[in-house]
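Reader: I have a structure on screen and do not know where to begin. Could we go through it feature by feature?

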Amino acid sequence: MSDESSVLPRKVLERSALEVAPLLLGCVVVHESPEGRVAIRLTEVEAYAGAGEDPGSHAHRGETARNAVMFGPPGHLYVYFTYGVHWCANVVCLPRGRASAILLRGGEVIEGERLAWGRRPAARSSAELARGPARLAQALGLTGAANGLDLCDGRGPVFLYAGEAVDRSLVRTGPRTGVGGDGAARPWRFWLNGERTVSPYRAHMPQQRAPRASAAGAG
DNA sequence: CGGCCGATCCACT
DNA sequence: GTGGATCGGCCGA
């Protein structure tokens, strides 16, 4: 597989996430670990911009310890922890100092399916192995330990290949998933029409907290 | 296949 | 202290 598919040049990722996101459709992300190798062909991605431009972006309020990788050079993984349970993976865009990233929302496991099933026993079908950003990260075996890894230096353990050419007429765009405020209206989600590995659209849900046990009597 | 709802840690204010 | 770029178990069809 990798012999027939070239590494995606870092130069491609020097543009904004909005420009690069549709180009990532059909590309192949690979993670090699002691457990083995899993490759995923991307079918759904979401673009996030930088400080001041995008309320839905982790970089909206400037650089912090968490989002520092977003402000670094392009071609690196930004992996963050969410909902107390899940990891999600992004590809960083734009030159150092300018934050932008593309969330990997869905894909098709094209290599290492056995290992992916081992990591995702709850999946009900092979299409569910990497449908949804946290599922995709889990199928690849990506956690916080992968934050900041370089996809483009060819040294691994993560790689990004150009993959086989996709029919451009299959590219669709629409509002981002699970993002509230002004960010919801932005058509910055991209997917390949007809793929079974594209996650269903869900509008932003206002969170209601689970009731926490309080020690003192409320009277 | 799809709807409902609880889970559970971290970053930020 | 608070909410989040989400998912799985359970149930019904």
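**Reading the strand and the chain**

Author: Start with the DNA. This is a predicted model, and by class the surface near DNA strand B has 4 nonpolar, 2 polar and 3 charged residues.

Reader: Which residues surround DNA strand B?

Author: To find them, one looks for residues with a heavy atom within 4 Å of the strand. Here they are R61, T64, A65, R66, F81, Y83, G84, V85 and R124. Of the atoms of DNA strand B that come within 4 Å of the protein, 59% belong to sugar and phosphate.

Reader: What lies 2.6 Å from a base oxygen of DNA strand B?

Author: For a polar contact, look for a pair of N or O atoms within 3.5 Å. In this case a polar backbone atom of Y83 is 2.6 Å from a base oxygen of the strand. With R124 the side chain takes part: one of its polar atoms lies 2.9 Å from a base oxygen of DNA strand B.

Reader: How many helices and strands are there in chain A?

Author: Chain A has 3 helices and 8 strands. Read from the N terminus, their order is α-β-β-β-β-β-α-α-β-β-β.

Reader: What percentage of the residues in chain A is buried?

Author: A residue counts as buried under 20% relative accessible area. Chain A has 219 residues, and 47% of them are buried. The chain exposes about 11,300 Å², with 51% of that supplied by carbon and sulfur atoms.

Reader: What share of the contacts in chain A with a separation of 6 or more comes from residues 24 or more positions apart?

Author: Such residues account for 60% of those contacts.

Technical notes. Residues are numbered from 1 along each chain as its sequence is written. Chains are lettered from A and ligands numbered from 1 in the order in which they are written. This is a predicted model: local features need pLDDT of at least 70, side-chain atom pairs count only at pLDDT 80 or more; totals for chains, interfaces and linings use all residues. Side-chain values use heavy atoms; hydrogens and water are left out. A polar contact is a pair of N or O atoms within 3.5 Å; within protein, one must be able to donate a hydrogen and the other to accept it, and residues adjacent in sequence count only if both atoms are side-chain atoms. Ala, Val, Leu, Ile, Met, Phe, Trp, Tyr, Cys and Pro count as nonpolar, Asp, Glu, Lys and Arg as charged, and the others, Gly among them, as polar. Helices (H or I, at least four residues) and strands (E, at least two) are DSSP runs, numbered from the N terminus. Buried means under 20% relative accessible area, exposed over 50%, partly exposed in between (1.4 Å probe, protein chains only). Contact means heavy atoms within 4.5 Å. Accessible areas come from the Shrake-Rupley method with a 1.4 Å probe; for residues, only the protein chains shown count as cover.
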